[in-house]
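Visitor: Please take a close look at a single part of this model, the metal site, and then at what lies around the other ligand.

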Amino acid sequence: MTKALTLWRDARLATMDGAAAWGWIERGAMLVRGDTLQWVGDEADLPAALATEKAHEAVHEHSLGGALVTPGLIDCHTHLVYGGHRAGEFEQRLEGASYDQIARAGGGIRSTVAATRAADEDTLFALARPRALALRAEGVTTVEIKSGYGLDADTEARCLRVARRLGRELPIGVRCTSLAAHALPPEFSGQPDAYLDAACAWLPRLHAEGLVDAVDAFCDEIAFTPAQTRRMFDAARALGLPVKLHAEQLTNQHGAALAAGYGALSCDHLEHLDDEGIRAMAASGTVAVLLPGAYYFLRETKLPPVAALRAAGVPIAIASDHNPGSSPGLSLLLMLNMACTLFRLTPEEALRGVTVHAARALGLAATHGRLAAGCRADFAVHDVDHPRELAYWFGRNPCRRVVLGGQEITP
Ligand code: DI6
Ligand code: FE
């Protein structure tokens with residue numbers, strides 16, 4: 001039996017497809033069959049599209065009254081599943097301690113690891129659920145969720161299971177990334193290579209359980225060296241898994257060039273990225289994921305090289321980096337605003353950064369992040385006149401409706 005056909009009409013569409021600004025269609029319509037966009041275009045061409053669809057069945061119709069529709073937003077870098085919080089460290093930093101001083105003293109990521117290990121699956125789910133709902137309320141339909149606060153086989157698996165469960169139960173689209181190489185757990189203190197032996201050994205098991213879509217690492221002075229990062233990437237490659245990297249966030253380790261050599265989907269943060277890294281990313285088609293929330297919250301002063309990335313044609317994505325240490329924010333729209341005010345992106349670049357380019361950073365370019373035939377019917381309806389307003393307002397949520405795989409989600 002063919003699935004029912006649904007028509008969404010009288011919409012102003014920022015399709016983010018094609019080269020035209022915003023992929024704009026002033027009076028647009030979309031035909032959805034099942035969970036897939038069948039046709040997207042000008043209302044004037046709708047009769048021909050319906051004829052091609054040979055739609056003899058009744059078409060369920062929604063008129064949107066001229067409202068603005070964008071692709072469902074994609075938050076392509078989060079650490080959404082963890083126990084506890086780090087408001088105390090926030091105070092310490094305000095009193096002068098630095099992020100890496102706190103980390104070197106055994107706080108930072110390690111304190112979240114302790115809280116996460118102590119929490120069972122239901123507790124972690126109950127903590128993560130409202131975070132994911134907050135993102136979805138603004139129109140986020142796909143979220144990437146990293147592990148990396150377990151740092152042992154059981155807790156890493158538990159966190160990734162919670163991420164998968166969020167996808168099923170909310171629902172929301174979820175991509176799971178293994179970030180076992182996030183920090184050194186206390187039981188492996190001084191033995192990073194022994195820890196990586198363990199992490200590389202449990203990765204195939206997590207993958208066999210269907211818990212891993214990509215593998216990430218944190219390559220920095222306070223985390224893992226380029227040689228150690230390579231070991232994690234080789235383990236990913238052996239399983240056919242794509243890689244990503246937290247690269248050049250606090251110092252320049254030339255991690256971006258290393259990751260580009262593995263055909264990385266994305267390199268993320270990049271405040272200390274140099275020209276060689278940019279060239280390597282451009283050559284490998286790796287997306288630059290910029291994280292203005294972490295830049296802001298850590299009060300960084302070194303800006304990522306946006307103009308050089310743009311000039312080299314590296315696609316730029318924007319994400320929340322939601323995590324309890326460096327970016328405890330849960331508004332992707334606020335990140336759009338910060339990407340413009342702090343990093344000088346244009347509002348259109350910022351919206352591309354949470355749609356078409358974010359999809360690419362997750363390996364989902366063919367099916368997500370655009371309103372176009374063949375893509376998943378994930379979209380959001382916003383109460384604004386123009387898409388540039390999505391980057392302009394902050395502290396206001398103009399999202400009115402969210403459609404995920406053709407189904408309207410009730411908030
Ligand atoms: N860089 C970050 O900003 C987060 N992880 C990373 O590799 C911070 C994670 C934390 O502080 O808990
Ligand atoms: Fe991160």
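Guide: Donors here are N, O and S atoms within 2.8 Å of the metal, and because water is not among the atoms, a site may look incomplete. With that in mind, and remembering that this is a predicted model, the donors of the iron ion (ligand 2) follow the spacing H-x1-H-x166-H-x74-D along the chain. Two of these donors link distant parts of the chain, since H246 belongs to strand 9 (residues 244-247) while D321 sits in the loop between strand 12 (316-318) and helix 13 (332-341), 75 residues apart. Both H246 and D321 are buried. In atomic terms, the protein donors are H77, H79 and H246, each through NE2, together with D321 through OD, and they lie 2.1 to 2.3 Å from the iron ion. The angles among the four donor atoms run from 82 to 167°, and the site is irregular; four donors would count as tetrahedral if all angles lay between 85 and 135 degrees.

Turning to ligand 1, there are 14 residues around it, of which R86, Y99, Y149, Q249 and S326 come nearest. Polar side-chain atoms of two of these residues face oxygen atoms of ligand 1, that of R86 at 2.7 Å and that of S326 at 2.6 Å. A nitrogen atom of ligand 1, in turn, has a polar side-chain atom of H182 lying 2.9 Å from it. Taken alone, ligand 1 exposes 320 Å², and the protein buries 100% of that area.

Key. Residues numbered from 1 in each chain as written. Chains lettered and ligands numbered in written order. Predicted model: local features only at pLDDT ≥ 70, side-chain atom pairs only at ≥ 80, totals over all residues. Heavy atoms only, no water. Donors = N, O, S within 2.8 Å, 3.2 Å for Na, K, Ca; no water. Tetrahedral: all angles 85-135°; square planar, octahedral: opposite > 155°, others 65-115°. Helix = DSSP H or I, 4+ residues; strand = E, 2+ residues; numbered from the N terminus. Buried < 20%, exposed > 50% of the residue type's maximum accessible area, 1.4 Å probe, protein only. Near = heavy atom within 4 Å. Polar contact = N/O pair within 3.5 Å; in protein donor to acceptor, adjacent residues only side chain to side chain. Areas by Shrake-Rupley, 256 points an atom, 1.4 Å probe, with all protein chains shown as cover.
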